[in-house]
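Trainee: Please show me the model. I would like to walk through it with you.

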Amino acid sequence: MGLGLAGMMATVALAVGGGHATASARPIVFGTEASNKRLAEVQAERELRSIKLPPGARRASGSPAPILDEALSTSGEPNLVQRSEWLVAPGSVRGMVRWFRAHAPADSYLERWGDLGSSKEPGGSLWFDVSERSRRVYGPSVILAITGLSGRMVGIRLEVQQVWKTPHPAAAKVPAAARLLYVSRQSGGGQARWQVIRAPRRVRRIARVIDQLPAAQPQVLYCPEEFGAHVEVTMKFKAREGGPVLAEASQQIPEGCETSMSLTVEGDSRTFGLDYGERVIELLHR
């Protein structure tokens, strides 16, 4: 048996936000916030219409049971798009779960399944993850909640969730004038150790990787308590010896929960968050 609702809610935030990619992946995010959000809306609506319906199912104008009133989870995800509808169909909860498992959405896999966590209204749930069709969005995910009704009928909530990606901010770029890179590594309260990279081509290569990192995505995270030592790596880009800092990036390694690379750029008061900063750290050793 899979996870019940409580188990699903404990892990869904990690699943929706997407895990870390391997070091060889290059998830550069294109588009704008508005275009990415619109793409998520279009894909969610298209996915909802494409879900195969069981024999005898009919759409309902409202929720056929209280347990189907609300979405199963992720309502607090900042970039979340949700589309849903209700169905009423003949059959049993167990039979309906089997039917949907046998008629899964195209290009999907069953992420988890379980019950609805209610003794008064027993039911089942299925969560399918569909292959991503764009770098600009996560998912979609197809979620089904099924509960028994009177007269050998079941109520079904079909839901599609799509999370759109926040693009790399246009201002989060290392200025082209950067020719020197000062790198410090500090563990705990120890003394910082400095390294200076003077080869302009190498400095620009590192800067270009930073310029292409995806923006840190707003998401709801469940973080277990962390143990172990971490090293804080700070990178300061300059045009010349003794000159002002044009951009400064900082990354904790190994990465902890809710940690991303921070970047500040001269002349801009904002601090930008960027994901996959470990790729930049790898370049410092080459």
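**The sheet and its helices**

Mentor: This is a predicted model. Start at one bridge: Gln82 has its partner, Gln161, in β6.

Trainee: Over how many bridges do β2 and β6 pair?

Mentor: Strands of a sheet pair through backbone hydrogen bonds, either parallel or antiparallel. For β2 and β6 the sense is antiparallel, and the count of bridges is 11.

Trainee: Which are the edge strands of the sheet?

Mentor: The sheet is open, has six strands and pairs antiparallel. Its order reads β1-β2-β6-β5-β4-β3. An edge strand pairs on one side only, which leaves β1 (58-60) and β3 (108-115).

Trainee: What angle does the direction of helix α2 make with that of β6?

Mentor: Helix α2 spans residues 33-50 and packs on the sheet. It touches β2, β4, β5 and β6. Its direction makes with that of β6 an angle of about 155°.

Trainee: Which residues of α3 are buried, and why are they on the same side?

Mentor: An α-helix has 3.6 residues a turn, so residues three or four places apart point the same way. In α3, residues 93-102, the buried ones cover an arc of only 160° around the axis, which puts them on the same side. They are Met96, Val97, Trp99 and Phe100.

Trainee: What covers the buried residues of α3?

Mentor: α3 lies across β2, β3, β4, β5 and β6, at about 10° to β4. The face turned away from the buried side carries exposed Arg94, Arg98 and Ala102. The cover of the buried residues includes β2, β4, β5 and β6.

Conventions:
Residues are numbered from 1 along each chain as its sequence is written. This is a predicted model: local features need pLDDT of at least 70, side-chain atom pairs count only at pLDDT 80 or more; totals for chains, interfaces and linings use all residues. Side-chain values use heavy atoms; hydrogens and water are left out. Buried means under 20% relative accessible area, exposed over 50%, partly exposed in between (1.4 Å probe, protein chains only). Helices (H or I, at least four residues) and strands (E, at least two) are DSSP runs, numbered from the N terminus. The arc is that of the directions from the helix axis to the C-beta atoms. Contact means heavy atoms within 4.5 Å. Two strands pair if DSSP finds at least two bridges between them. Axes are lines fitted to C-alpha atoms, for helices over the stretch in contact, and angles run from 0 to 180 degrees between N-to-C directions.
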